[in-house]
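Me: I am new to this model and would like a careful, connected walk through one part of it, with the surroundings brought in where they help.

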Amino acid sequence: MTARLPGLVLIVLCLAACASGPAAPIEYYVLAPQISAADSVVERSNRPTLVIENIDLATYLRQTGMIIQTGNNQILVSRTHLWAESLESALPKALVRELQRQSDDYSYYLKSVDWVGETDYRLRLRIDSLQSTDRGEVVSAGRYQLISAEAAGSPVVVDFNFVRDLDQDGYAYAVEQMGVLIGQIAGAILASVDKLEHKN
């Protein structure tokens, strides 16, 4: 027992030295920026309605730390670069913003937030990945299901996989590119809605 004591003391001293070093500053990032004054009043009545019923995130995305994928089966979670708002809350708002930006042909609602009467189209979205990789990319993959009120028994199911190269370093730039990926998801959804709209 006494022979192990100097070794234990050395380990404790090393841990104390590591713990007393300067802590890295914590930085926060927002996926869906606040609405600008120009966007605050928008009339969206008398248009076909698209209701986002559900956005399901992969379990590993439901945490505050930003994620970097290293290899095919490993992820690193940052303790100093964090989401200011959980992706579960931010992603639906970012998607609605992108849908509105790309097309004013429809009225967009979140089922969990908005009151909606009759619904023309219902959307269910699953996000399996939304992160940076050690290959200098941001990736997003998943699936969405679009259900038309006119043909509720024949939903449209689309798998997607979007990738963007990171031309700059830094988490802030990676978050900007994630916003671009959300725009691509919104574009794919709108293309599916347009096909259904013209079919009806």
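What percentage of the contacts in the protein chain with a separation of 6 or more comes from residues 24 or more positions apart? Please then take a close look at strand β6 and what lies around it.

Reply: Residues 24 or more positions apart account for 69% of those contacts, a contact being heavy atoms within 4.5 Å. This is a predicted model, in which local features need pLDDT of at least 70 and side-chain atom pairs count only at pLDDT 80 or more, while totals for chains, interfaces and linings use all residues. Residues are numbered from 1 along each chain as its sequence is written, and side-chain values use heavy atoms, with hydrogens and water left out.

The predictor's confidence in each residue, called pLDDT, runs from 0 to 100; its mean for the protein chain is 84, with 80% of the residues reaching 70 or more. Residues 1-17 call for caution, since their pLDDT is below 50 and this stretch has 0 contacts in the model beyond near neighbours in sequence.

For orientation, the protein chain has 3 helices and 8 strands, where helices (H or I, at least four residues) and strands (E, at least two) are DSSP runs numbered from the N terminus. Along the sequence they follow the pattern α-β-β-β-β-α-β-β-β-β-α. Of the chain's 200 residues, 36% count as buried, which here means under 20% relative accessible area, as opposed to exposed at over 50% and partly exposed in between, with a 1.4 Å probe and protein chains only.

Strand β6 covers residues 121-133, and its partner β7 covers 137-148. The two run antiparallel and are joined by 12 bridges, pairing being recognised when DSSP finds at least two bridges between strands. They form a hairpin with 3 residues between them, and Gly-136 in the turn has a positive phi of about 75°. Strand β7 in turn pairs with β8 (156-165) in the antiparallel sense, over 10 bridges, and Val-138 stands opposite Arg-164 in β8. Because 10 of the 12 residues of β7 are buried, β7 is largely enclosed by the rest of the structure.

Within β6, Leu-125 makes a useful centre for the closer view. Leu-125 counts as buried because its relative accessible area is 4%, and across the hairpin Leu-125 stands opposite Tyr-144 in β7. Setting aside residues up to four places away in sequence, Leu-125 touches Asn-54, Ile-55, Asp-56, Leu-95, Arg-143, Tyr-144, Phe-160 and Ile-185. Leu-125 and Val-158 are 33 residues apart along the chain, while their C-alpha atoms are separated by 9.7 Å. Both Tyr-144 and Val-158 are also among the contacts of Ser-192, together with Leu-146 and Val-156, when neighbours within four places in sequence are left aside. Ser-192 belongs to helix α3 and counts as buried because its relative accessibility is 11%.

At the start of β6 there is an aromatic feature. Tyr-106 and Tyr-121 form an edge-to-face pair, 6.4 Å centre to centre with 90° between the planes; rings of Phe, Tyr and Trp (its six-membered ring) pair if their centres lie within 6.5 Å, with planes under 30 degrees apart called stacked, over 60 edge-to-face and the rest tilted. Since Tyr-106 lies in the loop between α2 and β5 and Tyr-121 in β6, this pair ties together parts that are 15 residues apart in sequence. Tyr-121 is buried, with a relative accessible area of 2%, and ring pairs link Tyr-106, Tyr-108 and Tyr-121 into a cluster. Leu-50 is in contact with Tyr-108 and Tyr-121, and its other contacts include Leu-99, Leu-123 and Ile-189.

These surroundings lead to the largest nonpolar core, a set of 43 residues in which Leu-31, Leu-50, Leu-95, Leu-99, Ile-127 and Ile-189 have the most contacts. Such a core consists of buried Ala, Val, Leu, Ile, Met, Phe, Trp, Tyr and Cys residues joined through side-chain atoms within 4.5 Å. Its largest share, 11 residues, comes from α3. In soluble globular proteins, nonpolar side chains tend to be buried together.

Helix α2 completes the view: its buried residues pack against β6, and also against β2, β4, β5 and α3. Leu-95 and Leu-99 are among the buried residues of α2.
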